[in-house]
Amino acid sequence: MSTKRLPEQDLVRTLPLKQIQPKLVEALESSDDTGVADAVDLAISQAAYHSASDVHLEPWADYLSLRYRLDGILQQVAVVPRQYQLKIVARIKVLADLVVYRKDVPQDGRIDQEKCTCGRPMRVSSIPTVKGEKIVIRLLGDTSDLYNLESLGFQPYVVSELREIVVRSQGTLLLTGPSSSGKTTTIYALLQEMMRLQKNTTNIVTIEDPVEYNMDRIAQIQVNPHVEFTFASALRSILRQDPEVIMVGEIRDLETAHMAIQSGLTGHFVISTIHAGTAAGVFTRLLDMGIEPYLVASSVSGVLAQRLVRLNCPTCAAAYKPDPVHLQHFNLNDVNARFFRGKGCEACQTIGYRGRASIGELVQVDQAIAESVLSRPTTSQLHQIAVQQGMKTLADDGLNKAQKGITTIEELVRVLPSTPA
């Protein structure tokens with residue numbers, strides 16, 4: 001999640017964003033039969049070289065728009081004449097083994113890494129719109145792309161407490177945050193940490209939708225709802241295979257939640273994700289789903305809420321004065337406090353940010369938290385108890401990074417809940 005240095009060969013092949021459009025058009029207008037194929041490969045490969053997470057191809061009124069999601073934000077890269085739209089979409093659907101002539105239904109597919117010069121596997125989604133099909137390509141990685149806990153950006157005490165939790169023989173660790181907040185990356189880092197600490201003697205099984213990274217010495221299972229192979233049914237089956245550690249990609253329903261929580265009480269260590277606004281909100285979400293308070297209090301070992309914030313470009317970061325409204329949002333009254341923001345330069349493609357890091361709030365379930373859960377508290381009540389027990393909030397972590405010049409106040413306003421704790 002923090003800035004990752006590109007391999008030298010990628011640096012050589014990386015074009016500035018503003019040069020991608022003319023290169024695309026040049027390939028499309030060439031008389032060579034491979035023009036469209038070359039253009040598609042160029043668009044995907046440049047996305048990988050720029051460390052984009054997604055490629056969006058969307059038909060607009062007069063153009064086919066090409067956008068990259070860089071550090072969580074969509075950036076316009078090119079607009080391609082509509083006359084090439086059908087050929088480009090068809091080429092991507094062929095690569096992803098989708099049905100080319102079906103333009104009226106959503107389709108999902110995969111592009112294997114050997115089919116593109118960037119050498120990255122990809123997940124492809126096609127959906128019909130009134131102007132034609134929209135394509136979104138998610139660039140995946142392999143084990144060499146995985147991060148360790150220290151590189152994610154969390155405060156050292158969060159890393160230390162996470163290590164304390166994952167060495168336990170049983171319990172449940174839950175992660176929460178919106179889509180694309182880094183939860184999956186954190187989970188893979190935790191699994192790597194568990195393998196390192198326990199020297200590969202642990203039977204680890206994951207249930208994912210989909211499997212985004214292939215990890216050695218771990219049994220990874222991909223759910224398939226089309227044949228009723230869901231998180232719940234997969235979890236029910238793997239419990240017969242003597243796992244010590246179970247990773248469930250997401251808790252979506254009561255059955256999965258109950259089985260995961262119950263497994264954390266019966267000699268397994270469970271890691272999963274669940275949607276809630278804050279760490280304290282996870283407990284009330286489980287209670288609202290119908291899990292009994294005594295099960296939540298006994299099984300859950302910890303809850304980590306996280307977000308990803310963009311980092312100031314170290315090449316062009318300079319002191320600035322944030323908008324007073326944003327300062328008031330965080331109850332900051334020191335007018336002399338120094339903050340930094342990237343101006344925009346060639347190194348960051350004039351964006352001002354380069355790379356991302358995690359911010360987090362971690363609740364370790366101690367006696368005070370467990371007793372509180374038994375009384376079915378509100379989210380705000382539980383949050384206050386956690387703060388009294390020493391929890392640093394997402395806002396605390398974010399402000400610490402902003403005051404050190406790592407990120408900006410505006411970025412915190414963008415990613416944090418509307419009412420900071």
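Modeller: Helices are DSSP runs of H or I with at least four residues, strands are runs of E with at least two, and both are numbered from the N terminus. This is a predicted model, in which local features need pLDDT of at least 70 and side-chain atom pairs count only at pLDDT 80 or more, while totals for chains, interfaces and linings use all residues. Residues are numbered from 1 along each chain as its sequence is written, and side-chain values use heavy atoms, with hydrogens and water left out.

Biologist: What makes one side of H2 the buried side?

Modeller: Buried means under 20% relative accessible area and exposed over 50%, with partly exposed in between (1.4 Å probe, protein chains only). In helix H2 (residues 20-29), Ile20, Leu24, Val25, Ala27 and Leu28 are buried. These residues are on the same side of H2 because their arc around the axis is only 160°, taken from the directions from the helix axis to the C-beta atoms. Glu26 and Glu29, on the other side of H2, are exposed.

Biologist: What covers the buried residues of H2?

Modeller: The cover includes helix H3 (35-49), strand S2 (63-70), strand S3 (73-81) and helix H4 (85-95), with contact meaning heavy atoms within 4.5 Å.

Biologist: How many cavities of 30 Å³ or more are there, and what makes a space a cavity?

Modeller: On a 1 Å grid over the protein atoms alone, a cavity is a set of points where a 1.4 Å probe fits but cannot get out, and lining residues have an atom within 4 Å of a point. By this rule there is one cavity of 30 Å³ or more. Of the 13 residues that line the largest cavity, Ala39, Val40, Ala43, Leu57 and Ile88 are the closest to its centre. H2, H3, strand S1 (54-59) and H4 each give two or more residues to this lining, and H3 gives the most, with four.

Biologist: How do you know that there are zero disulfides?

Modeller: A disulfide is a pair of cysteine sulfur atoms within 2.5 Å, and a search of the whole structure finds zero. For Cys118, the closest cysteine sulfur is in Cys116 at 3.6 Å, so it is too far for a bond. For Cys316, the closest is in Cys345 at 3.7 Å, again too far for a bond.

Biologist: Why are Cys118 and Cys316 called buried?

Modeller: Cys118 has a relative accessible area of 15%, so it is buried. Cys316, at 9%, is therefore buried too.

How values were computed. 1 Å grid on protein atoms, 1.4 Å probe; cavity = no way out; pocket = protein on both sides within 12 Å on 5 of 7 lines; lining within 4 Å. Points joined across faces, edges and corners; volume = space filled by probe spheres on them.
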